[in-house]
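Some labels given to residues and regions of a model rest on cut-offs, and a careful reader may want to see how each label is reached. Please go through the reasoning one label at a time.

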Amino acid sequence: MLQSLYKCQRHLCTKIRKSSVFVQFVSTSCSSNITNDESKSLISLCRRKSHGLSKETIISEAKTVQLDTHACSEVSAVVDFFQNHGFSATQVKKIVRMRPCLLASKVDKTLKPKLKFLQSIGFSEDECSKIICYNPNILLSSIRKLLTPSFDSLKTFMGSKVQAMDAVRRSPQILSRKISHNWKQTVQVLHQIGIPDSQVSEFIFKSPIILTINPQKMSVVGLRLKEMGFDVTSPAFRIAFTTMSKVSHSNLERKLETYRSAGFSDEEILNIFRSQPTCMFYTEENIRSLVAFYVDRLHLSPSHLSQRPAFLLRSLKRRVIPRCSVMQVLWSRGIVPEAGKLSTILMIREKDFLQKYVTRYEAKVPELQAAYQGELMFKEYSFHLREIRQISMSKGSSSKTKVA
């Protein structure tokens, strides 16, 4: 039974990855000979498969979704709805991965009204798909109790419908959250933590999500960031402020401990946070994967990474591994004697990297395309990086500076 269910899970995940038309996955899986027991939880199984959990854990934790004939028809209708309203296959997959329960939604009662609501505000079809893709919770929220009051509050605070729409574009999640009615206290807190009067409006406009944060928590977060040495007038402060306001203290501590266990000192973690606050958004699993790749495969030290935290912002799957694989192939074939700086490899535009390292040599080195697509995996990368000759492999001494 377990083996059969796991095969079904893999079958559906494969369909999701390979099908350019998502409904093909639905119709194929629904028409297959899957027993009632085996059909339970398959949607959630596909979602959890990508997180690397064991099949026992997947099965025990997955939500029950019964894929009988009627349900399959409804699922197909949901996918058709998305595709008929300008959502790409990639967007549909992302929405379903984030909120698989939407596959069991009623199109006419749940989905259409939310899309019409966004369109009635003035968003185009393309904007609606982007907003919903970023925040699928909109589709699960009450128009009367949450969406309308939130947008009305935004219009009042921002001063116009146009500016309220801009706020939603910047922070789509704001529509599915209750906005604090005590705006004066919010503004007062921003003044207290040192935001100049002339910058308060801009601060809120660029991060409107802070309107949903409890003023008392805002005050605590602001004081902690100032103690860490943040300049309250810098863009990094605004990003760090928004990040810490949305992350619970226990969650933040887990992330900090993950960085410590990976070999970073408190001072190095603080340097990462000051330079790239969004690094604290990552899950513990992502933090471990990123650091392990740079340390174990590229032989960079945590100390070196802390001085170049922008490396941690680059996607392993979409950018770091493909580009390093290309450089490894070119170096192993003797085409490039030295890869140069890792910062150059990772930071240049996709178009420029493709032209400089892939298109230029692909006729001579056919496997470059496979490397660029992430299909070639190396246990370690041995091409010469300029940084490796310049850094020490020691992890550095611990600092007395404490983070958060």
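The questions and answers below concern a predicted model, and they set computed values against the cut-offs behind the labels.

Q: What makes up the secondary structure of the protein chain, and how much of the chain counts as buried?
A: The protein chain has 24 helices and 0 strands. Of its 404 residues, 46% count as buried, a label that requires a relative accessible area under 20%.

Q: How is the accessible surface of the protein chain described?
A: The accessible surface comes to about 20300 Å², and carbon and sulfur atoms account for 49% of that area.

Q: What share of the contacts with a separation of 6 or more comes from residues 24 or more positions apart?
A: That share is 75% in the protein chain, where a contact means that heavy atoms lie within 4.5 Å.

Q: Why is Ile269 called buried?
A: The relative accessibility of Ile269 is 0%, and buried means under 20%, so Ile269 meets the cut-off. Ile269 has its place in helix H17, which covers residues 266–275, and its C-alpha lies 9.9 Å from that of Cys279, a residue 10 positions away in sequence.

Q: Why is Leu211 placed in the buried class?
A: Leu211 has a relative accessibility of 1%, and because the class takes in values under 20%, Leu211 counts as buried. Leu211 lies in the loop between H13 and H14, and its C-alpha atom is separated by 8.4 Å from that of Ile174, although the two residues are 37 positions apart along the chain.

Q: Why is Phe205 called partly exposed?
A: The relative accessible area of Phe205 is 24%, and since buried means under 20% and exposed means over 50%, Phe205 falls in between and is therefore partly exposed. Phe205 has its place in helix H13, and, not counting residues up to four places away in sequence, Phe205 touches Met158, Gln163, Asp166 and Arg170. For Met158, which is 47 residues from Phe205 along the chain, the separation of the C-alpha atoms is 7.8 Å.

Q: What is unusual about the phi of His299, and why is this residue called partly exposed?
A: Phi of His299 is near 65 degrees, a positive value in a residue other than glycine. Most residues other than glycine have a negative phi. The relative accessible area of His299 is 27%, and because partly exposed covers the range between 20% and 50%, His299 receives that label. His299 is found in the loop between helix H18 (284–297) and helix H19 (302–307).

Q: What makes up the lining of the second largest pocket, and how much space lies in that pocket?
A: About 160 Å³ of space lies in the second largest pocket, and its lining includes Ile195, Gln199, Glu202, Val232 and Arg238. Helix H13 (197–206) and helix H15 (235–246) are the elements that give two or more residues to this lining, and the largest share, 4 residues, comes from H13. By class, the lining has 4 nonpolar, 3 polar and 3 charged residues.

Q: Why is Val232, one of the lining residues, buried or exposed by the cut-off?
A: Val232 has a relative accessible area of 14%, and because this value is under 20%, Val232 is buried. Val232 is found in the loop between helix H14 (215–227) and H15. Not counting residues up to four places away in sequence, Val232 touches Ile193, Gly194, Ile195, Lys226 and Phe237, while the C-alpha atoms of Val232 and Pro196, 36 residues apart along the chain, are separated by 8.9 Å.

Q: How do you know which aromatic rings count as pairs, and which residues do ring pairs link into a cluster?
A: Rings pair if their centres lie within 6.5 Å, and by this rule the count comes to 13 aromatic pairs. Ring pairs link Phe293, Tyr294, Phe311, Phe378 and Tyr381 into a cluster.

Note on methods. Residues are numbered from 1 along each chain as its sequence is written. This is a predicted model: local features need pLDDT of at least 70, side-chain atom pairs count only at pLDDT 80 or more; totals for chains, interfaces and linings use all residues. Side-chain values use heavy atoms; hydrogens and water are left out. Buried means under 20% relative accessible area, exposed over 50%, partly exposed in between (1.4 Å probe, protein chains only). Accessible areas come from the Shrake-Rupley method with a 1.4 Å probe; for residues, only the protein chains shown count as cover. On a 1 Å grid over the protein atoms alone, a cavity is a set of points where a 1.4 Å probe fits but cannot get out, and a pocket is an open set with protein on both sides within 12 Å along at least five of seven lines; lining residues have an atom within 4 Å of a point. Grid points are joined across faces, edges and corners, and a volume is the space filled by probe spheres set on the points. Ala, Val, Leu, Ile, Met, Phe, Trp, Tyr, Cys and Pro count as nonpolar, Asp, Glu, Lys and Arg as charged, and the others, Gly among them, as polar. Rings of Phe, Tyr and Trp (its six-membered ring) pair if their centres lie within 6.5 Å; planes under 30 degrees apart count as stacked, over 60 as edge-to-face and the rest as tilted.
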